[in-house]
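Q: I have a structure to read and would like to take it feature by feature. Where should we start?

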Amino acid sequence: MSMLEARGVSKVYETRGVETVALCDVDLAIESGEFTALAGPSGSGKTTLLNLFGGLDAPTEGVVVLDGDELGSLTPSQLAE
């Protein structure tokens, strides 16, 4: 089982009726003890993905799983912990 996993994760932001796709159908698994780096040009979704992994934001579609727990099913206090 992966320590941190994104399954079919997409994130769309909407501002004044205009949709901006930040991530589209991302699958990523990071195993315990693994070193991973995110690289890419400005606007490619790196910060959005990290915000989803940190539980600071929720995906529009898909799930983020941390140590076996789907972040979308956790309470705010559980996320803060």
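A: Start with how the helix meets the strands. Helix H1 (residues 46–53) lies across S1, S2 and S3. Against S2, helix H1 runs at about 65°. Bear in mind that this is a predicted model.

Q: How do I read the sheet, and in what order do the 4 strands stand?

A: Strands of a sheet pair through backbone hydrogen bonds, either parallel or antiparallel. Here the order is S2-S1-S3-S4, in an open sheet. The pairing is antiparallel. Strand S2 (18–30) and strand S4 (69–70) stand at the edges. Each has a single partner strand, so one side of each is left without a neighbour in the sheet.

Q: Next, the individual pairings. Over how many bridges do S1 and S2 pair?

A: S1 and S2 pair over 9 bridges, in the antiparallel sense. To check the register, take Val12: its bridge partner in S2 is Val21. The two strands form a hairpin, with 2 residues between them. Arg16 sits in that turn and has a positive phi of about 50°.

Q: And how many bridges link S3 and S4?

A: Strand S3 (residues 61–66) pairs with S4 over 2 bridges, again antiparallel. Leu66 has Asp69 as its bridge partner in S4.

Q: Apart from the hairpin turn, which residues have a positive phi without being glycine?

A: Look at Asp25 and Asp67. Asp25 has phi near 55° and is not a glycine. This residue lies within strand S2. For Asp67, phi is near 50°, also positive in a residue other than glycine. Asp67 belongs to the loop between S3 and S4.

Q: Are Asp25 and Asp67 buried or exposed?

A: Compare the relative accessible area with the cut-off: exposed means over 50%. Asp25 has 51%, so Asp25 counts as exposed. Asp67 has 58% and is exposed too.

Q: What does the side chain of Ser10 reach?

A: Go to Asp25 again. The Ser10 side chain reaches the backbone nitrogen of Asp25 at 2.8 Å. Ser10 lies in strand S1 (residues 4–15). With a relative accessible area of 9%, Ser10 is buried, whereas Asp25 is exposed. Leaving out residues up to four places away in sequence, Ser10 touches Leu23, Cys24, Asp25, Pro59, Thr60 and Glu61.

Q: Ser2 is another serine to read. Where does it lie, and is it buried or exposed?

A: Ser2 lies in the segment before S1. Under 20% relative accessible area counts as buried. Ser2 has 11%, so Ser2 is buried. Its side chain makes a polar contact of 3.0 Å with the side chain of Glu31. Beyond four places in sequence, Ser2 touches Ala29, Ile30 and Glu31.

Q: Now the interior. Which residues make up the largest nonpolar core?

A: For a core, look for buried nonpolar residues joined through their side chains. The largest one here has 10 residues: Leu4, Ala6, Val9, Leu23, Ile30, Leu49, Leu52, Phe53, Val64 and Leu71. S1, S2 and H1 each supply at least two of them.

Q: Take one core member, Leu49. Which residues does Leu49 touch?

A: Leu49 touches Leu23, Val26, Leu28 and Leu38, again not counting residues up to four places away in sequence. Among these, Leu23 is itself listed in the core. That brings us back to the helix, which lies across S1, S2 and S3.

Key. Residues numbered from 1 in each chain as written. Predicted model: local features only at pLDDT ≥ 70, side-chain atom pairs only at ≥ 80, totals over all residues. Heavy atoms only, no water. Buried < 20%, exposed > 50% of the residue type's maximum accessible area, 1.4 Å probe, protein only. Polar contact = N/O pair within 3.5 Å; in protein donor to acceptor, adjacent residues only side chain to side chain. Contact = heavy atoms within 4.5 Å. Pairing = 2+ DSSP bridges. Axes fitted to C-alpha atoms, helices over the stretch in contact; angles between N-to-C directions. Core = buried A, V, L, I, M, F, W, Y, C linked by side-chain atoms within 4.5 Å.
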